[in-house]
Amino acid sequence: MTDNIVIIGGGIIGVCTAYYLSQDDRFKSRSMSVTIVEANDIASGASGKAAGFLTLDWHGPRTASLAELSYGLHEQLANELDGKNAYGYRRLTTLELCVRVNKESTDPLVDPIFAARPEFQRRSESGTPHTEWLRGQNFENLMLLAEEGENTTAQLHPLQFTKILFKKAQEGGVKYIKGRPESWEEHSKYLTINTPNGIQNIVADTLVIAAGPWSSQVSKTLFNLDLPISNLPGHSILIRPMKVLPAFAIFAQIYASEVTETPEIFLRPDGHVYVAGENQGPPLPEGTADVKIDPKAIRKLVNAASNVSDVLSNGVVEVEQLCYRPVTPHGAPLIGALLPTHGKSFLASGHGPWGILLGPGTGKVMAELILDGSVNSADISQLDPSLFVNFLSAC
């Protein structure tokens, strides 16, 4: 008897789950089928617009085990898929710097990405090569967070990575339906999907909700169940400087007006410089095709980049974008089975700014959970949705 597994969401979490399911011998023997249902294009949300920054040990106790697994899987996949050339995978040197234009401001600025791990081992960057392009008249200090040779921080191009993994999953037999789920009948297992060509019904013995910030809406539609998943907007820009810059990730604190105060800057091997950290935006739209950029947020990112380096100030802004990351009240994802009253259904969402890093690890543990009923690769006990059953019931 075939187990028809349907994954709702075509971002990195859904794609990684489909990929690791497709690697199992039970899938290869056709004792199960896997289908991704995505309302828009694959990786059209945060999975295509994120920075692609990967870290081994910047995580709190809830996600430390999953992060370690996933960081290793990223390296393994890069070796298998020629990640260096296919999607810009490489190790990074990671720096922290301060620019103080407003000399009177002394209040500390805290990047939300550091919230889970405030005990950084900051070191002087003395001796770190190729940092001369960063220095300006308001430059105050530069600290080293991780060196490239330590292999604790890395990067990739998230859109390219997700699409390559999706292609591999398709080649293995994973199916894809572009459409929006409308209902699921628990007894017949029919999932009704509204597609561009009309209504389509498919059998879904097992359902996986991996719809990012839209996961709560999907759960409400299919199960009348509210999830504690909201969204964090994130504007970003891609700058093309006049020269190629080295492999750095930079977390800045800028004391100035009309700037993004804690910009995150990532130098990509394709020559682009990715700048983010403006975590404000309009309410979550109906879908990724309806996202509206706030010009003011873009200006603040441009101003921040200009304060960090003249090289960036003189570059060309080639891309302006906005995405929404799924977040939870406790700051960690929800990964596991949903309430027993909703049949064989699972949830994998709420990864916040760490979705790209945690994608492969989440996909692997989800495959184990769905197929075997338990997880062996990482400790996700503190991410179980059942821990929030009282909260969910009260919603």
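Helices and strands here are runs assigned by DSSP, with at least four residues for a helix and at least two for a strand, numbered from the N terminus. With that in hand, let us walk through this predicted model.

**The chain as a whole**

By that assignment, the chain holds 11 helices and 20 strands. It has 395 residues, and 58% of them count as buried. Among contacts with a separation of 6 or more, 75% join residues 24 or more positions apart. The accessible surface is about 16600 Å², and carbon and sulfur atoms contribute 48% of it.

**A six-stranded sheet**

A good place to start looking is the open sheet of 6 strands, which runs in the order β9-β2-β1-β13-β20-β19 with mixed pairing. Which strands stand at its edges? They are β9 (175–178) and β19 (334–337); each has a single partner strand, so one side of each has no neighbour in the sheet. On average, neighbouring strands of this sheet are turned by 20° against each other, direction ignored.

Within the sheet order, β13 is followed by β20. Strand β13 (residues 206–209) pairs with strand β20 (residues 345–349) in the parallel sense, over 3 bridges. If you would like a landmark for this pairing, find leucine 207, which stands opposite serine 345 in β20.

**Helices: one enclosed, two crossing**

Next, please turn to helix α1 (residues 12–22). Since 11 of its 11 residues are buried, the helix is largely enclosed by the rest of the structure. Its buried residues include Ile12, Ile13, Val15 and Leu21, along with Cys16, Thr17, Tyr19 and Tyr20.

Helix α4 (residues 64–81) packs against helix α10 (residues 355–372), with axes 7 Å apart and an angle of about 95°. Why do these two count as roughly perpendicular? Angles from 65 to 115 degrees fall in that class, and α4 and α10 are therefore roughly perpendicular to each other. On the α4 side, the residues that meet α10 include Leu66, Leu69, Tyr71, Leu73, His74 and Leu77. From α10, the partners include Ile356, Leu357, Leu358, Pro360, Lys364 and Val365. Sorted by class, the contact has 11 nonpolar, 5 polar and 1 charged residues.

**Two loop residues with positive phi**

The loops offer two backbone details worth a look. Aspartate 82 has a positive phi although it is not a glycine, and lysine 189 likewise has a positive phi in a residue other than glycine. Here they are side by side:

| Residue | Phi | Loop | Relative accessible area |
|---|---|---|---|
| Aspartate 82 | about 55° | between α4 and α5 (83–87) | 41%, partly exposed |
| Lysine 189 | near 70° | between β10 (180–184) and β11 (190–195) | 22%, partly exposed |

Aspartate 82 lies in the loop between α4 and α5, while lysine 189 lies in the loop between β10 and β11.

**Glutamate 264**

Finally, visit strand β16 (residues 264–267), where glutamate 264 is found. Is glutamate 264 buried or exposed? Buried means under 20% relative accessible area, so glutamate 264, at 12%, counts as buried. To see a part of the chain that lies alongside in space, look for alanine 249: it is 15 residues away from glutamate 264 along the chain, and their C-alpha atoms are separated by 7.5 Å.

Methods. Residues are numbered from 1 along each chain as its sequence is written. This is a predicted model: local features need pLDDT of at least 70, side-chain atom pairs count only at pLDDT 80 or more; totals for chains, interfaces and linings use all residues. Side-chain values use heavy atoms; hydrogens and water are left out. Buried means under 20% relative accessible area, exposed over 50%, partly exposed in between (1.4 Å probe, protein chains only). Contact means heavy atoms within 4.5 Å. Accessible areas come from the Shrake-Rupley method with a 1.4 Å probe; for residues, only the protein chains shown count as cover. Axes are lines fitted to C-alpha atoms, for helices over the stretch in contact, and angles run from 0 to 180 degrees between N-to-C directions. Angles under 35 degrees count as roughly parallel, over 145 as roughly antiparallel, 65 to 115 as roughly perpendicular and the rest as oblique. Ala, Val, Leu, Ile, Met, Phe, Trp, Tyr, Cys and Pro count as nonpolar, Asp, Glu, Lys and Arg as charged, and the others, Gly among them, as polar. Two strands pair if DSSP finds at least two bridges between them.
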